[in-house]
Amino acid sequence: MAETPAPLAGAQAEVAELLSDLIRIDTTNTGSTATGAGERAAAEWVAGKLDEVGIGSQIFESERGRASLVARIPGADRSRPALLVHGHLDVVPADPAEWSVHPFSGEERDGYIWGRGAVDMKDMDAMVLALVRDWARTGVQPPRDIVLAYVADEEAGGKLGAHFLVDEHADLFEGCTEAISEVGGFSITVRDDLRLYLVQTAEKGLAWMRLTAAGRPGHGSFEHDDNAVTRLCEAVARVGAHRFPLTLTPPMRQFIAAIEDAYGVEIDPAEPELALARLGSISRMIGAALRNTANPTMLDAGYKANVIPGSASATVDGRFLYGQEEEFERQLAALIGEGVQREWLVHDQAVETTFDGALVDSMVAALKAEDDGARPVPFTMSGGTDAKSFQRLGMRCFGFSPLRLPPDLDFASLFHGIDERVPVESLRFGIRVLDRFLRAS
Ligand SMILES: [Zn+2]
């Protein structure tokens with residue numbers, strides 16, 4: 001194991017406390033601005049922590065309380081393109097009754113920091129904050145400009161956070177050609193001397209839709225051949241039961257090859273899910289990146305048992321792979337069929353970049369320097385992140401929030417899960433990796 005550069009002692013000592021403090025600021029995002037004031041408090045807290053070490057920042061509000069913070073740390077060579085390091089401040093709701101600790105306590109227990117946001121994604125927020133504070137105190141300057149963005153509203157689609165900044169304040173990101181954030185950089189243990197580190201290079205696009213069927217209203221006791229509920233349900237059942245064809249995108253090809261190599265198995269290209277199962281629960285997240293999906297999630301029709309309503313509607317959560325948008329919509333239209341209208345509720349692009357170039361080389365080198373059993377591999381995220389917004393400014397976006405995790409930790413289940421927590425040692429590891437990575441990139 002390589003030695004820890006001495007100046008990082010401060011960052012490694014304070015990162016757990018910074019994360020606890022940040023978790024204690026309840027930034028629950030319910031999707032309503034009426035309850036979004038926590039983001040303002042969190043942004044001001046970050047501003048204060050930066051200010052303590054002489055780093056100036058600006059806070060922008062899209063709506064009252066929906067605050068995002070941006071700071072620029074000047075690099076040694078200001079003629080080089082800048083790197084964006086972004087993280088969201090908001091979290092999904094948590095019910096204290098379901099948790100072992102209060103979800104907004106930020107409690108340290110058994111070597112973990114517990115609380116909502118511990119892995120999604122106040123961990124990365126705190127690691128980056130601890131690192132740049134350490135740099136400022138010890139006089140470290142990054143090789144090129146680093147733009148820090150701590151944003152609101154990611155958990156509701158980012159409209160009032162990253163989306164807003166990109167639309168209204170694109171100048172803040174001038175010169176940024178690459179970005180890092182969630183979800184990726186975490187380890188999956190294959191054996192004692194081999195850990196895969198999953199770096200996100202792609203994410204699926206989002207197509208949330210409403211399906212509406214119309215029919216002839218009438219009395220529930222009569223014979224009736226034009227029932228909106230029946231028509232809608234047939235379409236919903238076709239969509240929900242359909243398995244879209246397997247589509248291996250470049251990052252998933254690389255990912256599957258890495259799994260074959262790491263585990264010494266041959267994967268049936270027609271059914272790669274079977275082999276992915278050995279990755280444990282993380283396979284649920286990754287398996288969904290092998291094909292487009294469309295899951296019905298909400299139904300709405302009628303108001304009385306004996307009244308046939310004139311219309312019925314359903315909501316479907318659709319996700320498509322990069323390059324698959326048209327094909328997805330074509331297949332979806334065929335499934336929905338005649339007599340049912342489809343409208344988009346939320347529609348956002350898929351994101352993909354390649355796992356190569358100087359920035360990726362720096363990630364790989366930094367991981368290997370801190371873990372000689374590290375093997376970084378690209379993967380596609382089935383969910384969406386703020387990368388969708390920043391990609392619109394032409395940036396290559398990576399999910400790289402490095403964490404070396406204990407082999408038995410069910411990491412995937414912690415995202416939006418009960419008893420979300422992160423090992424303190426993993427945070428310290430992450431800081432060391434980020435330090436090497438950012439100083440070399
Ligand atoms: Zn997140």
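**View 1. An aromatic cluster and the aromatic pairs of the predicted model.** In this predicted model, the residues F186, F379, F411 and F415 come together as one aromatic cluster. A search of the whole structure finds 8 aromatic pairs, among them F173 and F390, whose rings are arranged edge-to-face at 5.2 Å centre to centre with 70° between the planes. This pair links distant parts of the chain, since F173 belongs to the loop between helix 4 (162–168) and strand 7 (176–181), whereas F390 belongs to helix 11 (residues 387–391), 217 residues apart. F173 counts as buried because its relative accessibility is 3%, and F390 likewise counts as buried, with a relative accessibility of 0%.

**View 2. A stacked pair between strand 9 and helix 12.** Y197 and F429 form a stacked aromatic pair, with 6.0 Å from centre to centre and 25° between the planes. Here too the pair links distant parts of the chain: Y197 is in strand 9 (residues 194–203) and F429 in helix 12 (residues 424–440), 232 residues apart. Both Y197 and F429 are buried.

**View 3. The parallel pairing of strand 9 with strand 17.** Strand 9 and strand 17 pair in the parallel sense, over 8 bridges, and within this pairing L198 has V377 of strand 17 as its bridge partner. Strand 17 (residues 374–381) is mostly covered, with 7 of its 8 residues buried.

**View 4. The surroundings of S389 in helix 11.** S389 is found in helix 11 and counts as buried because its relative accessibility is 3%. When its neighbours within four places in sequence are left aside, the residues in contact with S389 are A162, H163 and V166.

**View 5. The open sheet of 4 strands and the helix that lies across it.** The strands of this open sheet follow the order 12-14-10-15, and their pairing is antiparallel. Strand 12 (293–301) and strand 15 (340–348) are the edge strands, each of which pairs on one side only, and neighbouring strands of the sheet are turned by 20° against each other on average, direction ignored. Strand 10 (residues 205–214) and strand 14 (residues 311–320) run antiparallel and are joined by 10 bridges; in this pairing L206 stands opposite R319 in strand 14. Helix 9 (residues 325–336) lies across strand 10, strand 12, strand 14 and strand 15, and runs at about 150° to strand 15.

**View 6. Helix 5 against helix 9.** The axes of helix 5 (residues 228–241) and helix 9 come within 8 Å and cross at roughly 140°, which means that helix 5 is oblique to helix 9. The residues that meet are A235, R238 and V239 in helix 5 and L332, L335 and I336 in helix 9.

**View 7. The open sheet of 3 strands and its two helices.** The order of this open sheet is 4-5-19, with antiparallel pairing. Strand 4 (108–109) and strand 19 (421–423) stand at the edges with a single partner strand each, so one side of each is left without a neighbour in the sheet. Strand 4 is joined to strand 5 (residues 112–114) by 2 bridges, and these two strands run antiparallel, with Y112 in strand 5 as the bridge partner of R109. Helix 1 (residues 9–24) lies across strand 4, strand 5 and strand 19 and runs at about 10° to strand 5, while helix 12 lies across strand 4, strand 5 and strand 19 and runs at about 65° to strand 19.

**View 8. Arginine side chains over tryptophan rings.** The charged end of R109 sits over the ring of W114, 5.9 Å from its centre. In a further example, R342 lies over the face of W344, at 3.9 Å from the ring centre.

**View 9. I73 and the residues that surround it.** I73 is found in strand 2 (residues 67–73) and is buried, with a relative accessible area of 10%. Leaving aside its neighbours within four places in sequence, I73 is in contact with I55, V132, P142, R144, D145, I146 and L148. The C-alpha atoms of I73 and A213, which are 140 residues apart along the chain, are separated by 54 Å.

Definitions and conventions
Residues numbered from 1 in each chain as written. Predicted model: local features only at pLDDT ≥ 70, side-chain atom pairs only at ≥ 80, totals over all residues. Heavy atoms only, no water. Phe/Tyr/Trp six-rings, centres within 6.5 Å; stacked < 30°, edge-to-face > 60°. Buried < 20%, exposed > 50% of the residue type's maximum accessible area, 1.4 Å probe, protein only. Lys NZ or Arg CZ within 6 Å of the ring centre and 35° of its normal. Pairing = 2+ DSSP bridges. Axes fitted to C-alpha atoms, helices over the stretch in contact; angles between N-to-C directions. Contact = heavy atoms within 4.5 Å. Parallel < 35°, antiparallel > 145°, perpendicular 65-115°, else oblique.
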